[in-house]
Amino acid sequence: MIAKYMKKNSFLKTIQSFLLLFLLVNLCFTAQVYAKDLNITEVLYRNHVLSLKHDSFSDIKFKKRIYNDPARLVFDIYDAKLDSPLTFREENITGDISSVRVAQFEANTVRIVCEAKNTIALEKIKIENIGQTLYFKFRVRNVILQDISFQDGDLRIVADGPMVPRTILLDDPERLVLDLIGAELKSVSQEQKIDNGVDESIRISQFETSIVRVVFTGKKTHDREVRISDNEKQIIVIGKEGKSRAREGFTDELTKLAILNEDAKSVTYQISGEKKLHYKFLKLHNPERLVVDFIDHEMNDSFGAEPLAETSMVSDIRFGKATVGRPVTRVVFDLRGSKIEEEFKENSDGTALYIRLKGEASDEEEDQEQDLDIKAINPSKKAIVVIDAGHGGYDYGAIYEGYNEKDINLDVANKVNSYLAQAGVDSYMTRTEDRFISLAERVDISNTVAPKIFVSVHSNAITSNTKMSGLQTYYYSSTGYKLASVIHKQLLKEVKMEDGHVRKSNFFVCKNTRAPSILIEMGFMTNKDELRKLTSDSYQNKLAKAIAEGIIEYLEKY
Ligand code: ZN
C-alpha cells in the first residue's frame, strides 16, 4: 500500500516560468536529529500530535520529503524497527492534515506518511525528538504580523515569531511578490493597499490561511530588496531611494581594521564590528589573494582610516563595497605567494575576527606549477566579465531530489571564476555565497561593473517531462547571440551533452544588462542522469572549464 507513495513525480499541467517552479516542485530535505538502531515501541495519535516512543538516546537517521499531488510528507527513519507488524493508521482527521500512517517500509526503515490538503500544512509540521519520543506536531501556530509600516519608500513588517519569506518577480506588469509562509495578519484591518506616489502600489493580504502575500506593482518593484533580520522576526523591503529609519538594525557597521601582531613567520589582522560578524572568505590565485566578504556590513568612517603597512605576508590590503544594492564589505589581502595559509578566529561574542596569515612568503613570480590546465588569454584581449550564479538564499531556484538549483549554479559559477582567474581574465561574481540577490540587483551590478560580457549560470527543471535533457543557451540581443553561440558550441564540444539549442528569450537579466549577456541552462535537474552529472564535482569542472574557454574564445575574437 505504501509503495504507491514512492512515485516521485508530481505532474504540473503548466509551468509559467522557471521562477515559479521552485514553489511547485517537490521539496526535499535531509537532516539529522538524535538516535541509532532504534526500536519504536509505541505509536500514538492524540490532539493533533503523532508520537513515536523509542528506545534510543543517540542520533536518529532520517530523510524528510514533501511531495505534491497528493500533498504528503514522507518521513523515513533508517536503522529502525517497528514493534508492531501492522500499519498504524489514523484517517479522516479534521484539520489540514487528513491522514497519518506509520509502517515498516523496508527491513530497516520505518516510514511515516502524512497526507494533507496542501504542502504548506506539511511544511508547518513541527518534528521534535525529546527524550525517547519523536513528536510530529501538526498544529504549529502561524506567526502573527504585529506591525506593518511604510516609510520613505521602505516597507517594514514585524512578526511575533520567525518568518519564512519567499519572493517571486513577475513581468507585465512588473511585480514583486513577497509571500510570508506560515504567517497571519493580526486583523483584517492590516489588509491594505498603499499607494506609493504615482509609480507603485503595494497590496497586503491574507492570501491563504497560512500565507500573507505582499504584492508590489509598478515600474521600480524589481529594484526593491528584501532583507530579513537575524532573529527572522523582521523583514524590510527596501526601495532604492528610501533612507528611512526602518533600515536601522538591518546593517551593522565595521569599525576597525588593524594589525594585531606581527613577526617574521606570521601576521594577525583584526577586523571588528558593532555586532556579530557574518563573513565568508575565498582564496584566489594568480595573483594570490584572500578575499573576506562581510555580509550586511557597511564600513564606518574609522574602518581602515589608519593606513596599514606592508607586512611579511601581505603586500597590500584593499577594501570596499563589494556589491551594489546589498551591503557587503569586501576586504582583499594580496598575499606574498601561494604558501601562505590563513587561520580564522573570533572573540567570544563574534564581534571581532582575527585572521592569522602564516607560512613562507615568496615574492618572486608566482609558482606556476599549480594545475593551469586552461590556456591563458591573449593579454591584449583581457577584459572584465561578470559571472552570475542564478538564484540564492531563500530563492532556491528549482528543487529536485533534495538538490537545490542555487547550489549547483554557485558551484559551477565559482569554478568558472577560478578557471578565468587562472587564465588571467578578471571576473566579477554577482554572488559568491548562498545569499539572495534580486534579478534587478544582478543587472545593477553588471551595469555598474560595466563588463565586456555577462554570463548567468542556471540549471533547468521541468517536472512534467522528466525525460527532457540537454543544454540550452539563451540570449536576448544580437550581441548576446554571438556570445551564446561561441559558448554553446564550446560546451557541446567539451562536455558530451544533448544540444538543446541557442534560444532567444527575454529573461530579465539578458534583457536589462547593457553588456552582451547570456543565460546558460546547463541541464535538467528533473532528468535523472543529468541531475547525477550536474551534482558531480568532476562534471561541474568540465562544464566550468568549457564555459571559461568559451568566454576566452569570445573575448579573443570580438
Ligand atoms: Zn534558474
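Which helix and strands each supply at least two residues of the lining of the second largest pocket? In this predicted model, the contributors are strand 24 (279-284), strand 25 (289-295), strand 27 (314-321), strand 28 (328-335), helix 3 (405-423) and strand 34 (426-429). The pocket that these elements help to line holds about 680 Å³ of space. Its lining consists of 25 residues, and those closest to the centre are Leu284, Arg289, Arg330, Ser427 and Tyr428. Sorted by class, the lining of this second largest pocket comprises 13 nonpolar, six polar and six charged residues. Two domains take part in it: domain 3 (252-359) and domain 4 (369-557) each give at least three residues to the lining.

A few overall values help to place this pocket in context. The chain has 558 residues, of which 53% count as buried. Its secondary structure amounts to eight helices and 38 strands. Among the contacts in the chain with a separation of 6 or more, 67% are between residues 24 or more positions apart.

Helix 3, already met in the pocket lining, also brings us to the metal site. The zinc ion is coordinated by His391 through NE2, Glu405 through OE and His458 through ND1, at 2.1 to 2.2 Å. Along the chain, these donors follow the spacing H-x13-E-x52-H. Distant parts of the chain are linked in this way, with glutamate 405 in helix 3 and histidine 458 in strand 35 (residues 453-460), 53 residues apart. Glutamate 405 and histidine 458 are both buried.

The remaining donor, histidine 391, lies in the loop between strand 31 (384-389) and strand 32 (399-400). Histidine 391 counts as buried because its relative accessibility is 3%, under the 20% cut-off. Its backbone is worth a look too: phi of histidine 391 is near 65°, a positive value in a residue other than glycine. Most residues other than glycine have a negative phi.

The neighbours of glutamate 405 in the sequence fill in the surroundings of this site. Lysine 406 sits in helix 3 and is buried, with a relative accessible area of 4%. Leaving aside neighbours within four places in sequence, lysine 406 is in contact with Gly390, His391, Gly392, Gly393, Asp395, Tyr396, Arg431 and Asp434; the list includes the zinc donor His391. The C-alpha atoms of lysine 406 and glycine 390 are 6.1 Å apart, although 16 residues separate the two in sequence. On the other side of glutamate 405, asparagine 404 belongs to strand 33 (residues 403-404). Asparagine 404 counts as buried at 15% relative accessibility, and its contacts, not counting residues up to four places away in sequence, are Tyr396, Ala398, Ile399 and Met525. Tyr396 thus appears in the contact lists of both asparagine 404 and lysine 406.

Helix 3 has a further partner towards the end of the chain. Alanine 548, found in helix 8 (residues 537-557), counts as buried at 0% relative accessibility. Its contacts, with neighbours within four places in sequence set aside, are Ile374, Val416, Tyr419 and Leu420. Alanine 548 and alanine 423 lie 125 residues apart in sequence, with 8.6 Å between their C-alpha atoms.

Another buried position is tyrosine 269, which is found in strand 23 (residues 266-273) and has a relative accessible area of 1%. Beyond residues up to four places away in sequence, tyrosine 269 touches Ala258, Ile259, Leu260, Leu308, Thr311, Val314, Ile317, Phe333, Leu353, Tyr354, Ile355 and Leu357. For alanine 258, eleven residues from tyrosine 269 along the chain, the C-alpha separation is 5.7 Å.

Two loops round off the backbone details. Alanine 450 lies in the loop between helix 4 (439-449) and strand 35, the strand that holds the zinc donor histidine 458. Like histidine 391, alanine 450 has a positive phi, here of about 50°, although it is not a glycine. While histidine 391 is buried, alanine 450 is exposed, with a relative accessible area of 53%. The other loop, between strand 4 (61-67) and strand 5 (72-78), contains proline 70. The peptide bond from aspartate 69 to proline 70 is cis, with omega near -5°, whereas most peptide bonds are trans.

Definitions and conventions: Residues are numbered from 1 along each chain as its sequence is written. This is a predicted model: local features need pLDDT of at least 70, side-chain atom pairs count only at pLDDT 80 or more; totals for chains, interfaces and linings use all residues. Side-chain values use heavy atoms; hydrogens and water are left out. On a 1 Å grid over the protein atoms alone, a cavity is a set of points where a 1.4 Å probe fits but cannot get out, and a pocket is an open set with protein on both sides within 12 Å along at least five of seven lines; lining residues have an atom within 4 Å of a point. Grid points are joined across faces, edges and corners, and a volume is the space filled by probe spheres set on the points. Helices (H or I, at least four residues) and strands (E, at least two) are DSSP runs, numbered from the N terminus. Ala, Val, Leu, Ile, Met, Phe, Trp, Tyr, Cys and Pro count as nonpolar, Asp, Glu, Lys and Arg as charged, and the others, Gly among them, as polar. Domain bounds come from an automatic or database domain assignment. Donors are N, O and S atoms within 2.8 Å of the metal (3.2 Å for Na, K and Ca); water is not among the atoms, so sites may look incomplete. Buried means under 20% relative accessible area, exposed over 50%, partly exposed in between (1.4 Å probe, protein chains only). Contact means heavy atoms within 4.5 Å.
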